[in-house]
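Biologist: I'd like a close look at one part of this protein, with enough of the surroundings to make sense of it. Could you pull up the structure first?

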Amino acid sequence: MKIKNSIAGLTLILNTLIFVACESTDLDLTQDPNFLSPSEANADFFLNAIQVDFGKVVNEFGEETAEVVRMKYMNGRNYQNAYEPTDFDIEWTDVYQQVLQDIDQMTVIAEEGELYTHVAIGQIIEAYTMIMLVDFFGDIPYSEALQGDELNFNPVLDGGASIYDDVLVLLDEAIANLALEEAALPGTDLFYNGDEANWERLANTIKMKIYLNVRLIDDSAITSFFNIVNNEPYIQTTDQDFEFQYGISQTNPDTRHQWYIDQYTPSGAGGHYMSNWLMDYMMGKDDARMLYYFYRQASEVPVDEQLITCSVEAPPQHYVIGDEVYCSLPEGYWGRDHGNDAGGPPDSQSRTAFGVYPAGGLYDQGLINDNPEAFAVINSVEMGGLGAGITPMLLASGVDFMIAEMQLMQGNNAEARAKILEGIQKSFTKVRSFGALDPAYDETDIFYEYEDEDGESLLSEEPLGGDALTLISYPTYLPPSESDESYLAQVGALFDEADDQGKMNLLAKELFVVLFGNGMEAYNFFRRTGEPNDIQPNIDPNPGPFIRSFVYPANAALRNSNFPQNKQVSTQVFWDTNPADFVF
């Protein structure tokens, strides 16, 4: 067990936001903690900062892992160099100098004040954070990271296995603290609004996540996993989902989802491309969630060397052999292939953007009756859900897939099939609920049709005077619930027809769709199983070894002599015992 001392003598810097929780779509600034001195600090101020900084770092790590597993587009033809060591400097600092340091300081204050729920929340967030770092980097500093009144700038690296063991103890301590009578509940709980039962469910679900990963090296992991499923509370319903909720404030502070900030701008949707592989997979199954995940700004992807270079190029030979989707998709789904490192053309008002889920953007009206407004260009910071999206962390739908994977490992195909379908249904229900964030989600657009002076048809949202030729009604297209039922039947049939590997492959692809918004669990799954084995390869036929763990941040490696230099992305985390070429 790891024991940390207080670092209360350090200056408190809380360069963060204070949000209020509950079910609103906005997050108000209730207290600005900037420039607080240690004497002015209290447990609530610390916990507010911890939650906000934690949400930020999970979103950042989740984005990078999503790119690697084709849930988002990755810019990099060589895996070793796809990400620079400096790419992770900010995340590393946010974890160690903000999240973990604040938890350490808050714990001292909370324990003195008998604020045991504060302590428990800090422990659970620390547990999730450390597991995430191990899964991302491998061996990392932990036991010596924070030392008394001073930061240790040269801590040793702890093995991932020992950190996993420490975290299991930490989670047990958190559950015990939740059972104690506290002097007061947190003033602001951004995740569960003071519901201690949900925090206990989360602690147990993180344990399940641990046992799922170590099943490759620990024969008792499956038993430990199902002991929780059968005897302990864990995340089972969408109202228990562990997710970070964003608001709609644009300034002082900006509380919107980062993807919305990046893409909903006066100059269009820059900064991101959608994954051609994921969009193609969902399109092939007529998945209604596409209209919520992706917002199209165009009705078709053109053949245009300036806007989309690959449109005038032949696909790589290994794409031809593998019958891979290449370059573009029909119906305006404008993304990029895995590893495409082309520059940034002037397509920000044409490319497909993030939709209403999870980024809080626009709901895609779809190709309905040639509706001229179906593909409105993004040109404003005030469109759709205004950024009030989420970063999903551990969702009930994903937990169902965790159970399905474990059931498949035991040969319980019927139970695995049921859990896969249950998880998909929860995903459909949750994603559809986000449509209401967009004010135009359930409206009917009315257009007045006139003839202009050249006799051409002219459409106007407002009457222009005189007699309109026609009054045209374009109702918003909402995919019927029957389409979800058809989807579930299709997946069930595919599962029944597949062999054992095919069942895991299908589980993998459906899981990746469910997890859209955070790629961490998909990245872990990919390394555990090597599935899906027919995912789109890198556009370069020789991209080098797949990223089994990421390189260490530049600043950390330079300043700490204990870090190995020139870490390779082929280095496997402790629980990944698969062959070096097991995944690509």
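Here is what I'm after: does F428 count as buried or exposed, and what is its relative accessibility? Please take me through its aromatic partner too, and then the rest of the protein.

Modeller: Bear in mind that this is a predicted model. F428 counts as buried, because its relative accessibility is 1%, and the cut-off for buried is under 20%. On to the partner. A search of the whole structure turns up 49 aromatic pairs, and I'll go through two of them, beginning with another one for comparison.

That one joins Y164 and F574, edge-to-face, with 4.8 Å from centre to centre and 80° between the planes. The two rings come from distant parts of the chain: Y164 sits in helix 4 (residues 160-178), while F574 is in the segment after helix 16 (554-559), 410 residues apart. Y164 has 2% relative accessibility, so it counts as buried. F574 is at 24%, so it counts as partly exposed.

Now your residue. F428 pairs with Y487, and this pair is edge-to-face as well, with the centres 5.4 Å apart and an angle of 80° between the planes. F428 belongs to helix 12 (residues 413-433) and Y487 to helix 13 (residues 481-497), so the pair ties together parts of the chain that are 59 residues apart in sequence. As for the partner's own cover, Y487 has a relative accessibility of 1%, so it counts as buried.

Now let's zoom out. Those helices belong to a protein with 16 helices and nine strands. Of its 584 residues, 58% count as buried. Take the contacts between residues at least 6 apart in sequence: 77% of them join residues at least 24 apart. On overall size, a compact globule of 584 residues would have a radius of gyration near 25 Å, and the protein has 25 Å, so the two agree. Along the principal axes, the C-alpha trace spans about 80 × 55 × 45 Å.

As for the outside, the accessible surface comes to about 22,900 Å², and carbon and sulfur atoms account for 47% of that. The charge count may catch your eye at the bench: there are 28 positive and 94 negative side chains, and the centres of the two sets lie 8 Å apart.

Back to where you started: F428 is a buried ring, set edge-to-face against Y487.

Technical notes:
Residues are numbered from 1 along each chain as its sequence is written. This is a predicted model: local features need pLDDT of at least 70, side-chain atom pairs count only at pLDDT 80 or more; totals for chains, interfaces and linings use all residues. Side-chain values use heavy atoms; hydrogens and water are left out. Helices (H or I, at least four residues) and strands (E, at least two) are DSSP runs, numbered from the N terminus. The radius of gyration is taken over C-alpha atoms; the globule rule is 2.2 Å times the number of residues to the power 0.38. Buried means under 20% relative accessible area, exposed over 50%, partly exposed in between (1.4 Å probe, protein chains only). Contact means heavy atoms within 4.5 Å. Accessible areas come from the Shrake-Rupley method with a 1.4 Å probe; for residues, only the protein chains shown count as cover. Lys and Arg count as positive and Asp and Glu as negative; His and the chain ends are not counted. The place of a charge is taken as NZ of Lys, CZ of Arg, CG of Asp or CD of Glu. Rings of Phe, Tyr and Trp (its six-membered ring) pair if their centres lie within 6.5 Å; planes under 30 degrees apart count as stacked, over 60 as edge-to-face and the rest as tilted.
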